[in-house]
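Colleague: Could you pick one part of this model and take a close look at it with me? I am new to reading structures, and a slow walk would help.

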Amino acid sequence: MGFWVTTLIFILIGVVASLSARLCFNRGPSTNLFHLTLIITATVCCWMMWAIVYLAQMKPLIVPILNEE
């Protein structure tokens, strides 16, 4: 899977989790905002962790040098 496909999957997971939290935890506007903020923050952090690991594999910081001898 490419970078953009997985990014769209993370967006979809965040939207589905936010909607399900609004349906399950319907106690008041402040509680909904609290759960929505936590879900969006968790989704963004998971995506950033995945993106950093994915992009680090494309151009590593320490380039292995082939020794021909």
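Modeller: Happy to! Let's start with a word we will need: the rings of Phe, Tyr and Trp (for Trp, its six-membered ring) pair if their centres lie within 6.5 Å. Planes under 30 degrees apart count as stacked, planes over 60 as edge-to-face, and the rest as tilted. Please keep in mind that this is a predicted model.

With that in hand, a search of the whole structure finds six aromatic pairs. Take the pair of F3 and W4 as our way in: the ring centres are 5.3 Å apart and the planes stand at 85°, so this pair is edge-to-face. How well covered are the two partners? F3 counts as buried, because its relative accessibility of 18% falls under the 20% limit. W4 counts as exposed, because its relative accessibility of 64% is over the 50% limit.

F3 also has a partner much further along the chain. The rings of F3 and Y54 have centres 5.9 Å apart, and their planes meet at 35°, so this pair is tilted. Where do the two residues sit? F3 lies in helix 1 while Y54 lies in helix 2 (residues 29-58), so the pair ties together parts that are 51 residues apart in sequence. Y54 has a relative accessible area of 25%, which means that Y54 is partly exposed, between the 20% and 50% limits.

Now step back a little. Ring pairs link F3, W4, F10, W47, W50 and Y54 into a cluster. Try finding these six names in the view, one by one.

F3 has one more contact to show you, this time through its backbone. The backbone oxygen of F3 lies 2.8 Å from a polar atom of the side chain of T7. T7 is in helix 1, and T7 is buried, with a relative accessible area of 10%.

Two C-alpha distances add to the picture. C46, a residue of helix 2, has its C-alpha atom 8.4 Å from that of F10, although C46 and F10 are 36 residues apart along the chain. C46 itself is partly exposed, at 45% relative accessible area. In a similar way, the C-alpha atoms of I9 and W47 are separated by 9.7 Å, and these two residues are 38 apart along the chain. I9 lies in helix 1 and is partly exposed, with a relative accessible area of 34%.

I9 also belongs to another feature. Together with M1, V5 and I13, I9 forms a nonpolar patch on the surface, and the four have about 410 Å² of accessible area together. M1 comes in the segment before helix 1 (3-24), and M1 is exposed at 74% relative accessible area.

How does this part fit into the whole chain? The chain has two helices and zero strands. Of its 69 residues, 17% count as buried; F3 and T7 are among the buried ones. The chain exposes about 6,000 Å², and carbon and sulfur atoms supply 75% of that area.

Finally, here is what the UniProt record says, from an unreviewed entry. It places the feature "signal peptide" at residues 1-18. In the model, residues 1-18 are 89% helix and 0% strand, and the C-alpha atoms at the two ends are 24 Å apart. The record also places the feature "transmembrane region" at residues 36-56. That stretch is 100% helix and 0% strand in the model, with its end C-alpha atoms 30 Å apart.

If you look back at F3, you can now name both of its rings' partners described here: W4, in an edge-to-face pair, and Y54, in a tilted pair.

Conventions: Residues are numbered from 1 along each chain as its sequence is written. This is a predicted model: local features need pLDDT of at least 70, side-chain atom pairs count only at pLDDT 80 or more; totals for chains, interfaces and linings use all residues. Side-chain values use heavy atoms; hydrogens and water are left out. UniProt positions are given in the numbering used here, feature names are shortened, and annotations may be inferred rather than shown by experiment. Helices (H or I, at least four residues) and strands (E, at least two) are DSSP runs, numbered from the N terminus. Patches are made of residues with over 30% relative accessible area and no salt bridge: like charges are joined within 9 Å, nonpolar side chains (Val, Leu, Ile, Met, Phe, Trp, Tyr) within 5 Å. Accessible areas come from the Shrake-Rupley method with a 1.4 Å probe; for residues, only the protein chains shown count as cover. A salt bridge is a side-chain nitrogen of Lys or Arg within 4 Å of a carboxyl oxygen of Asp or Glu. Buried means under 20% relative accessible area, exposed over 50%, partly exposed in between (1.4 Å probe, protein chains only). A polar contact is a pair of N or O atoms within 3.5 Å; within protein, one must be able to donate a hydrogen and the other to accept it, and residues adjacent in sequence count only if both atoms are side-chain atoms.
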